[in-house]
Amino acid sequence: MIGKIKLEEIKCYGYHGCMEEEGILGTEYIVNIELELNLVNSILSDKLEDTVDYVKVNSIVKKEIDKRSKLIETVCGNIIKKINTEFENLISVLVEIKKTSPPIKGNVKNVSIQLKSNKNNIIRF
């Protein structure tokens, strides 16, 4: 039985961006994670080790947001890589990072990046 585990609107504060000011001031980031996997074993066993521990996923997100990068694409790729390394039973991982208050002139709510990795293109670099 294939299912999805989602972590929605993980709020973090980070210092990503190409502008020097972004590395000093920082901004809030909102991260959404969608994990697709076979849930038969966890349904039958009722054991955490047979599924994805979303506490660990949240911890991975927080740690990767804490590492400064110029591009949120890099942060997103690093989150996917760590999740794939930690949980081998995944079919796919979808990560979306929204950068609130981007340094853009005009009225822009956020900018975002969304990356998806599946069994055929798992990021394990």
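Y15 counts as partly exposed, because its relative accessibility is 34%; partly exposed is the band between buried (under 20% relative accessible area) and exposed (over 50%), with a 1.4 Å probe and protein chains only. This is a predicted model, where local features need pLDDT of at least 70 and side-chain atom pairs count only at pLDDT 80 or more, while totals for chains, interfaces and linings use all residues. Residues are numbered from 1 along each chain as its sequence is written, and side-chain values use heavy atoms, leaving out hydrogens and water.

**Aromatic pair**
- The count comes to 1 aromatic pair, taking Phe, Tyr and Trp (six-membered ring) with ring centres within 6.5 Å.
- Y13 and Y15 form this pair, edge-to-face at 5.6 Å centre to centre and 70° between the planes; planes over 60 degrees apart count as edge-to-face, under 30 as stacked and the rest as tilted.
- Y13 is partly exposed too, at 42% relative accessibility.

**Sheet**
- Four strands (DSSP E runs of at least two residues, numbered from the N terminus) make an open sheet in the order β1-β2-β3-β4, with antiparallel pairing; pairing takes at least two DSSP bridges.
- β1 (2-14) and β4 (110-118) each have a single partner strand, so one side of each edge strand lacks a neighbour in the sheet.
- β3 (residues 90-100) runs antiparallel to β4, joined by 9 bridges.
- K99 has V111 in β4 as its bridge partner.

**Helices on the sheet**
- Helix α3 (residues 54-66) lies across β1 and β2 (27-38), at about 35° to β1; helices are DSSP H or I runs of at least four residues, and contact means heavy atoms within 4.5 Å.
- Helix α4 (residues 72-86) lies across β2, β3 and β4, at about 150° to β3; angles run from 0 to 180 degrees between N-to-C directions of axes fitted to C-alpha atoms, for helices over the stretch in contact.
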